[in-house]
Amino acid sequence: MATLNDIGVAAAINILTAFAFFLAFAMLRIQPVNDRVYFSKWYIKGLRSSPSVNGSAFASKFVNLDLRSYTRFLNWMPAALQMPEPELIDHAGLDSAVYLRIYLLGLKIFGPIALIAFTVMIPVNWSNNTLEHSGLTYSDIDKLSISNIPIGSHKFWTHLVLAYGFTFWTCYVLKREYEIVAAMRLHFLASDQRRPDQFTVLVRNVPPDPDESVTELVQHFFLVNHPHHYLSHQLVYNANKLSELVNEKKKIQNWLDFYQNKYKRNPLKRPSLKQTGFLGLWGNRVDAIDFYTSIVERLSRDICGEREKVSSNTKSIMPAAFVSFKTRWGAAVCAQTQQSRNPTTWLTEWAPEPRDVYWENLAIPFVFLTIRRLIAAIAFFFLTFLFMIPIAIVQSLANIESIEKALPFLKPIIEVIPKTIGVSIPMKATFFITYIMVDGWAGVAGEILRLKPLIIYHLKNSFLVKTEKDREEAMDPGTIGFNTGEPQIQLYFLLGLVYAVVTPILLPFIIVFFALAYVVYRHQVTT
């Protein structure tokens, strides 16, 4: 069993590890070569440029030679907390601001709970000697848990009352936080700049009409049904081949820009390359600028021809359209109401933001999408149904009375089990304390290094970056990692609420996690 000394040693090791991560980050972030990694959002928004260096020192382009900056290596902490929330929303978005509030929510919930638990429950638990006569292996930390309360003691009323109190407090704080977030969302929508997707609806499964084209049919339908709010529409075309040509042109244009920039740096020598052969290892050597210019011109002609082909070919027109309205209210009414007696036609939904549209899938007919959803639903049903069979068997045996009936010879052993579990579970808090220190302290501190983006950026910058556009794509800040961060947060909420009554000594470690994570992720969001 872990003792107070063991927990103290583990805490010291993890604190030193976290401080080492912070120190390494402080050193890495002030190096000019890493500036685009640790301030990527500022570069993308045009609010920051490459740090000025002394032109006479080549090393200053890669290493910060200003010794005074190394004495201010922890300045990033107050800087991360200084940005007001409205400015943070404008800089990183409402989702990021709400995500950060989850960490503040943890502090609001567990701060008062820890204060009450240490004031009331710790003395109540410590004032007993039950574990000394239990025959179990225990440590001094376990004497602070509910395991040290004798069976049938009236002191359990303290834990019962506080369990209800902590639950009500948690619900109250959650309610208040939901109200704040809802107000933030309404304010954001009211003050946000107007975007086309806020006035646009995606219409699918437009029924065919032998007397009208798709564009005429869409226009006529919405002029009749939404005469005061309809503004315009844009048909959806099956332009996947056109998209491939455009992407290919972008790649070739990037190579052309690279060789043009190379020629500008050295006008005395025009760049050249081998026209054919694997990786340019053989073939006739040609002028690189002329070669890629000719390819760009050819692709431009192909794109124009394919665009005309798509726009003139009725088979390329999909039974879908983006319909724009004059007001948000008109778009909301259309997106949330049935447009036809036939529930399978004129299906409407809010148009996603252009960056969220997977354009290749818009060409898939609605019938095929419906079939795919049906197959997925059937597969999910059978997976869930078959999974319930072993779960039902295990659950039937999980009941103590059921086990005694099925296996009567185990009755003496089964009747030790509830008592043993009731005493042992609170004593396992030391494991979770260690886990919180490793994952929640040192692990969160290590997150600030951004090792993955740092390594990927330098690899791309060394081998793939040819133009400034490539460099901007290489320093993509990515997302905040909600898919991995949120389950971690929920685990700590669960541990805190479960052990708040049975082993309150765990609460300070969770509070440190929420405070540290808030500072770290606020910095990640702002930069």
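Which helix holds the place of Phe382? Before selecting that residue, note that this is a predicted model, in which local features need pLDDT of at least 70 and side-chain atom pairs count only at pLDDT 80 or more, while totals for chains, interfaces and linings use all residues. Residues are numbered from 1 along each chain as its sequence is written, and side-chain values use heavy atoms, with hydrogens and water left out.

Begin with the whole protein chain, which has 20 helices and six strands; helices (H or I, at least four residues) and strands (E, at least two) are DSSP runs, numbered from the N terminus. Of its 527 residues, 35% count as buried, where buried means under 20% relative accessible area, exposed over 50%, and partly exposed in between, with a 1.4 Å probe and protein chains only.

Now select Phe382, whose place is in helix H12 (residues 366-398). Phe382 counts as partly exposed because its relative accessible area is 46%. Extend the selection to Leu374, Ile378, Phe381, Phe385, Leu386, Ile389 and Ile393, which together with Phe382 make a nonpolar surface patch of about 810 Å². Patches are made of residues with over 30% relative accessible area and no salt bridge (a side-chain nitrogen of Lys or Arg within 4 Å of a carboxyl oxygen of Asp or Glu); nonpolar side chains (Val, Leu, Ile, Met, Phe, Trp, Tyr) are joined within 5 Å, and like charges within 9 Å. The areas come from the Shrake-Rupley method with a 1.4 Å probe, and for residues only the protein chains shown count as cover.

Next select Lys269, in the loop between helix H9 (240-265) and strand E3 (272-274). Lys269 counts as exposed because its relative accessible area is 60%, and with Lys262, Arg265 and Arg285 it forms a positive surface patch. Lys and Arg count as positive and Asp and Glu as negative, with His and the chain ends not counted, and the place of a charge is taken as NZ of Lys, CZ of Arg, CG of Asp or CD of Glu.

Move to Asp35 in helix H2 (residues 35-38), which is buried, with a relative accessible area of 3%. Leaving aside neighbours within four places in sequence, Asp35 is in contact (heavy atoms within 4.5 Å) with Arg29, Tyr43, Arg48, Ser49 and Pro51.

Finish with Trp346, found in the loop between helix H11 (328-335) and strand E6 (347-350). Trp346 is buried at 5% relative accessible area, and has a positive phi of about 50° although it is not a glycine.
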